[in-house]
Amino acid sequence: MQHKSIITRYENNPILKPEDMPAPCCAVYNSGVIKTDGGEYIMMSRFEELNKRQCVWVSRSKDGFHFTPDSEPVNFVCAPEEEEEYNETEIGRACVGKEC
């Protein structure tokens, strides 16, 4: 018995490339996508700036294949009592003293 795969690799990968982003970067990776109840696809991707600083970027799509990045990366905000714990994360360490 032959099994048919339920997952098919998209022939036009990658869906989102560094040149698609609104800011200079050297890599876009580790993306995850959800489909909202309203039918919009929302992708979150790790974004590596030219200086190797890491950010998280949101992109949106109506069809799940053609994504448009938001104009700015995600701005992580935490309560003052959580700041020390946040600063110990990989993103927090990259953002200390910077707007992230």
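Contact here means heavy atoms within 4.5 Å, and that cut-off will be needed when the tour reaches F47. The model in your viewer is a predicted one, so read each stop as a description of that prediction.

**The sheet**

Begin by showing the strands as ribbons: there is an open sheet of four strands, in the order β1-β2-β3-β4, and the pairing is antiparallel. Next, colour β1 and β4 (68-69), which stand at the edges; each has a single partner strand, so one side of each is left without a neighbour in the sheet.

**From β1 to β2**

Select β1 (25-35) and β2 (41-49) together, two antiparallel strands that are joined by eight bridges. To see one of these pairings, pick V33, whose bridge partner in β2 is M43. Then follow the chain round the hairpin of β1 and β2, where five residues lie between the strands and G39 takes a positive phi near 95 degrees. While β1 is on screen, stop also at N30, which has its place in this strand and which, although not a glycine, has a positive phi of about 60 degrees. Is N30 buried or exposed? With a relative accessibility of 58%, N30 counts as exposed.

**From β2 to β3**

Move on to β2 and β3 (54-61), which run antiparallel and are likewise joined by eight bridges. Two opposite pairs can be picked out here: R46 stands opposite V56 in β3, and F47 stands opposite C55 in β3. The hairpin of β2 and β3 has four residues between the strands, and in this loop you will find K52. The phi of K52 is near 75 degrees, a positive value in a residue other than glycine, and K52 is exposed, with a relative accessible area of 52%.

**The core and F47**

Now show side chains for L16, M21, C25, V28, M43, F47, C55, W57 and F67, the nine residues that make up the largest nonpolar core. Of the strands, β1, β2 and β3 each supply at least two residues of this core. Keep F47 selected and display what surrounds it: which residues is F47 in contact with, leaving aside its neighbours within four places in sequence? They are M21, A23, P24, C25, A27, V28, R53, Q54, C55 and W57. Among these contacts, M21, C25, V28, C55 and W57 are also members of the core.

**A last stop before β1**

Finally, go back along the chain to P14, which lies in the segment before β1. Select N13 together with P14 and look at the peptide bond from N13 to P14, which is cis, with omega near -5 degrees.

Technical notes
Residues numbered from 1 in each chain as written. Predicted model: local features only at pLDDT ≥ 70, side-chain atom pairs only at ≥ 80, totals over all residues. Heavy atoms only, no water. Core = buried A, V, L, I, M, F, W, Y, C linked by side-chain atoms within 4.5 Å. Buried < 20%, exposed > 50% of the residue type's maximum accessible area, 1.4 Å probe, protein only. Pairing = 2+ DSSP bridges.
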